[in-house]
Amino acid sequence: MNARSLRAVSRDIVRELGVFSKKCGKVDLSPVEAHILIELEQAMQTNLQLAERLRIDKSNISRTLQKLAEEGLIQWQAHASDKRSKQAVLSLAGRDVLRAVHAEYDAEIECVLQQLDPAEQQRLQAGLDLYRQALNAARVQKGYQIRLMAETDNAAVAAVIRQVSAEHGLSEERGYGVADPHLDQLYPCYQEAGAAYWVIQKESGTLSGGAGIAPLAGADASVCELQKMYLLDDCRGLGLGKRLLIMACDFARHAGYRQCYLETTACLPAALALYKKMGFRQIAEPMGATGHHSCEIFMLLDL
């Protein structure tokens with residue numbers, strides 16, 4: 001699937017769900033108003049919380065909340081901990097209207113599900129969950145980009161590797177990647193065929209991480225190595241590591257490699273968990289001649 005085809009499917013879904021309609025079926029609510037009531041069904045919220053949750057401009061959410069309050073569908077209560085704020089809560093009338101919304105749309109979606117057998121319903125659920133996760137990851141990653149390393153990135157990449165290594169106790173004396181004699185001039189190392197290095201760049205222009213693919217030294221030409229994957233704290237937990245790893249493995253496949261090897265350590269539990277999630281399996285013995293004698297975990301992915 002490419003971006004254009006996913007956009008087309010998304011537009012079709014939006015149209016079929018009636019998001020552009022002025023009313024939610026027979027219920028006299030706009031889709032935005034209905035979404036607000038559904039959110040308030042879970043818990044009372046401030047207008048700022050609702051704006052962030054629904055991805056709506058704060059001024060627009062304020063006008064809509066005012067309309068709902070005038071219609072008696074919501075009420076305002078003092079915030080328990082912030083005296084300058086107030087929280088919206090569903091009124092009894094709002095709950096009655098919301099029950100009507102749920103009844104109408106539950107019936108419509110039930111009709112949709114009846115078009116699918118149980119196995120198809122499970123695939124639909126899995127696909128929608130993946131799409132939702134990807135949308136959320138793309139949103140939280142705004143302000144970052146992943147691009148190929150440039151020669152001018154040498155110093156910044158080396159600084160990232162040294163900082164992360166120091167954070168986890170991966171010292172030069174113990175033979176970890178930070179001891180690489182080419183650490184300050186990595187760009188030339190990834191200009192040969194079958195090699196590449198990508199960096200994570202913040203909107204400010206500073207670098208927050210990177211990873212590379214290169215032939216595994218001392219091994220068959222069909223095996224590459226995932227090298228120097230390091231992320232600073234500011235970009236962890238955003239899905240950027242997974243995205244970086246997907247790009248690296250995709251490059252390796254197109255470059256003709258059949259397997260991707262890596263060495264890591266139990267000192268990096270988050271990285272280890274990501275590798276396992278992405279399909280890398282632990283093997284008993286090291287492969288090739290990486291020179292990183294302190295890494296005790298060896299992993300391999302069939303591409």
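Helices here are DSSP runs of H or I with at least four residues, numbered from the N terminus. The model is predicted.

**Exercise 1. The nonpolar patch**

Task: Which residues form the nonpolar patch on the surface, and which elements give two or more residues to the patch?

Solution.
- Step 1. List the members. The patch consists of Met-1, Val-9, Ile-13, Leu-17, Val-19, Phe-20, Ile-109 and Val-112.
- Step 2. Add the area. Together these residues have about 800 Å² of accessible area.
- Step 3. Assign elements. Helix H1 (3-16) and helix H5 (92-113) each give two or more residues to the patch.
- Step 4. Test one member. Ile-109 lies in helix H5. Its relative accessibility is 39%, so Ile-109 counts as partly exposed. Patch residues need over 30% relative accessible area.

**Exercise 2. The sheet**

Task: In what order do the seven strands of the open sheet run, and which are the edge strands?

Solution.
- Step 1. Read the order. The strands run S3-S4-S5-S6-S7-S9-S8, with mixed pairing.
- Step 2. Find the edges. Strand S3 (144-148) and strand S8 (281-283) each pair on one side only.
- Step 3. Take the twist. From one strand to the next, the average is 25 degrees.
- Step 4. Look at one pair. S3 and strand S4 (residues 196-202) run antiparallel and are joined by five bridges. Within this pair, Arg-147 has Val-199 in S4 as its bridge partner.

**Exercise 3. Helices on the sheet**

Task: Which strands do helix H7 and helix H8 touch?

Solution.
- Step 1. Start with helix H7 (residues 154-167). This helix packs on the sheet and touches S4, strand S5 (207-215) and strand S6 (223-231).
- Step 2. Take its angle. The direction of H7 makes about 75 degrees with that of S6.
- Step 3. Go to helix H8 (residues 240-254). H8 also packs on the sheet, in contact with S3, S4, S5, S6 and strand S9 (297-302).
- Step 4. Take the second angle. The direction of H8 makes about 160 degrees with that of S6.

**Exercise 4. A salt bridge inside a helix**

Task: How many residues apart are Asp-12 and Arg-15, and where do they lie?

Solution.
- Step 1. Check the distance. The closest N and O atoms of Asp-12 and Arg-15 are 2.4 Å apart. The cut-off for a salt bridge is within 4 Å, and the pair forms one.
- Step 2. Place the residues. Both lie in helix H1, three residues apart, about one turn of the helix.
- Step 3. Classify them. Asp-12 is partly exposed because its relative accessibility is 40%. Arg-15, at 48%, is partly exposed too.

**Exercise 5. Salt bridges between elements**

Task: Is Glu-33 buried or exposed, and which parts does its salt bridge with Lys-67 tie together?

Solution.
- Step 1. Note the contact. The Glu-33 and Lys-67 side chains meet at 2.8 Å, N to O.
- Step 2. Place the pair. Glu-33 is in helix H2 (residues 31-42) and Lys-67 in helix H4 (residues 58-70), so the bridge ties parts 34 residues apart in sequence.
- Step 3. Classify the ends. Glu-33 has 7% relative accessibility, so it counts as buried. Lys-67 has 34% and is partly exposed.
- Step 4. Extend the pair. Glu-33, Lys-67 and Glu-71 are linked in a network of salt bridges.
- Step 5. Add another link. Arg-281 and Asp-302 form a salt bridge, with closest N and O atoms 3.0 Å apart. Arg-281 sits in strand S8 and Asp-302 in strand S9, 21 residues apart. Arg-281 is partly exposed at 38%, and Asp-302 is partly exposed at 45%.
- Step 6. Finish with the count. The structure has eleven salt bridges.

Methods: Residues numbered from 1 in each chain as written. Predicted model: local features only at pLDDT ≥ 70, side-chain atom pairs only at ≥ 80, totals over all residues. Heavy atoms only, no water. Patch = residues over 30% accessible without salt bridge, like charges linked within 9 Å, V, L, I, M, F, W, Y side chains within 5 Å. Areas by Shrake-Rupley, 256 points an atom, 1.4 Å probe, with all protein chains shown as cover. Buried < 20%, exposed > 50% of the residue type's maximum accessible area, 1.4 Å probe, protein only. Pairing = 2+ DSSP bridges. Axes fitted to C-alpha atoms, helices over the stretch in contact; angles between N-to-C directions. Contact = heavy atoms within 4.5 Å.
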